[in-house]
Amino acid sequence: MLNTIILFKACFLIFLFYFFLACAFDLKYRAVPTMIHLIFILTGFPLFLYLNIFTVTAFDFPVLNELVLRFLPGLLLLFVSIVSRGSLGIGDAIFMTISALYIDLRSILFIFISGFLSAFMVSAVMLIYGKMKNKDLHHMSLPLIPLMLPGLYPILMNLNL
């Protein structure tokens, strides 16, 4: 039991490292290198299997449902990225999908929703500024991963490290 608690905390700390690393690359280059995603997939997948499948004593429908729902925001972003032909970066979708290996459904949803709310607010301010200054800002891009940062606040406030 104690080892499981330590592993959950370690998973969250690994996720925080991945989040801030992806934020830095997304801000600077508007892309996260594939190697970073690959490293965190290879690290997170065994932890995910151990913590969510091998240690579960009663593997029933609610447990399976929660595990599947964790990956839906990332898969939804992947679908939107493909349909929009890259208007929403595929790296953002990959980031959300990999994050589901490390954190629970509630945390994924906080980050997902806060990213879109923050992007909406920043976009609205940019469009209003562009109208006031007579500038065309319709073709600017926003890095989505750093805009997910406000979603970490409620997660960190409920965390007992």
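These exercises, each with a worked solution, concern a predicted model.

**Exercise 1. The overall layout**

State how many helices and strands the protein has, and give the pattern along the sequence.

Solution.
- Count the elements. The protein has 7 helices and 0 strands.
- Read them in sequence order. The pattern is α-α-α-α-α-α-α.
- Take the extent of the C-alpha trace. Along the principal axes it spans about 60 × 30 × 30 Å.
- Turn to burial. Of the 161 residues in the protein, 36% are buried.
- Finish with the contacts. Take those between residues at least 6 apart in sequence: 69% of them join residues at least 24 apart.

**Exercise 2. Helices α2 and α4**

Describe how α2 and α4 pack: are they roughly parallel or roughly antiparallel?

Solution.
- Two packed helices are described by the angle between their axes and the distance between the axes.
- Locate the pair. Helix α2 covers residues 34-54 and helix α4 covers residues 90-99.
- Take the distance. The two axes come within 10 Å.
- Take the angle. The axes cross at roughly 15 degrees.
- Apply the cut-off. Angles under 35 degrees count as roughly parallel, so α2 and α4 are roughly parallel to each other.
- Add the hand. This crossing of α2 and α4 is left-handed.
- List the residues. From α2 come His 37, Phe 40 and Ile 41; they meet Gly 91, Ile 94, Phe 95 and Ile 98 in α4.
- Sort them by class. The contact of α2 with α4 has 5 nonpolar residues, 2 polar ones and no charged ones.

**Exercise 3. Helices α2 and α3**

Give the geometry of the α2 and α3 crossing, then name the residues that meet.

Solution.
- Start with the axes. Those of α2 and α3 come within 11 Å.
- Add the angle. The axes of α2 and α3 cross at roughly 145 degrees.
- Assign the hand. The crossing of α2 and α3 is right-handed.
- Name the residues. Phe 48, Asn 52 and Ile 53 in α2 meet Leu 67, Arg 70 and Phe 71 in α3.
- Sort them by class. This contact of α2 with α3 divides into 4 nonpolar, 1 polar and 1 charged.
- Look at one pair in detail. The side chains of Asn 52 and Arg 70 make a polar contact of 3.2 Å.
- Check the burial of Asn 52, a residue of helix α2. Buried means under 20% relative accessible area. Asn 52 has 11% relative accessibility, so it counts as buried.

**Exercise 4. Positive phi in two loops**

Compare the settings of Arg 30 and Asn 134, and decide for each: buried, partly exposed or exposed?

Solution.
- Take the backbone of Arg 30. Its phi is positive, about 60 degrees, although Arg 30 is not a glycine.
- Place Arg 30. It lies in the loop between α1 (2-29) and α2.
- Grade Arg 30. Its relative accessible area is 43%, so Arg 30 is partly exposed.
- Take the backbone of Asn 134. Its phi is near 60 degrees, a positive value in a residue other than glycine.
- Place Asn 134. It is found in the loop between α5 and α6.
- Grade Asn 134. Its relative accessible area is 73%, so Asn 134 is exposed.

**Exercise 5. The partner of Arg 30**

Which side chain is joined to that of Ser 141 by a polar contact, and where does Ser 141 lie?

Solution.
- Place Ser 141. It lies in the loop between α5 (105-133) and α6 (144-147).
- Find the partner. A polar contact of 3.3 Å joins the side chains of Ser 141 and Arg 30.
- Grade Ser 141. Its relative accessibility is 43%, so Ser 141 counts as partly exposed.
- Add a distance. Ser 141 and Gly 89 are 52 residues apart in sequence, with 9.8 Å from C-alpha to C-alpha.

**Exercise 6. Two helix residues**

Ser 81 and Tyr 153 lie in helices. Decide for each: buried or exposed?

Solution.
- Place Ser 81. It lies in helix α3 (residues 61-83).
- Grade Ser 81. At 5% relative accessibility, Ser 81 counts as buried.
- List the neighbours. Leaving out residues up to four places away in sequence, Ser 81 touches Gly 86, Leu 88, Gly 89 and Ile 90.
- Place Tyr 153. It lies in helix α7 (residues 152-157).
- Grade Tyr 153. Exposed means over 50%. Tyr 153 has 55% relative accessibility, so it counts as exposed.
- Add a distance. Tyr 153 and Ser 87 are 66 residues apart along the chain, and their C-alpha atoms are separated by 27 Å.

Terms used. Residues are numbered from 1 along each chain as its sequence is written. This is a predicted model: local features need pLDDT of at least 70, side-chain atom pairs count only at pLDDT 80 or more; totals for chains, interfaces and linings use all residues. Side-chain values use heavy atoms; hydrogens and water are left out. Axes are lines fitted to C-alpha atoms, for helices over the stretch in contact, and angles run from 0 to 180 degrees between N-to-C directions. Helices (H or I, at least four residues) and strands (E, at least two) are DSSP runs, numbered from the N terminus. Angles under 35 degrees count as roughly parallel, over 145 as roughly antiparallel, 65 to 115 as roughly perpendicular and the rest as oblique. A crossing is left-handed if the near helix is turned anticlockwise from the far one by less than a right angle, and right-handed if clockwise. Contact means heavy atoms within 4.5 Å. Ala, Val, Leu, Ile, Met, Phe, Trp, Tyr, Cys and Pro count as nonpolar, Asp, Glu, Lys and Arg as charged, and the others, Gly among them, as polar. Buried means under 20% relative accessible area, exposed over 50%, partly exposed in between (1.4 Å probe, protein chains only). A polar contact is a pair of N or O atoms within 3.5 Å; within protein, one must be able to donate a hydrogen and the other to accept it, and residues adjacent in sequence count only if both atoms are side-chain atoms.
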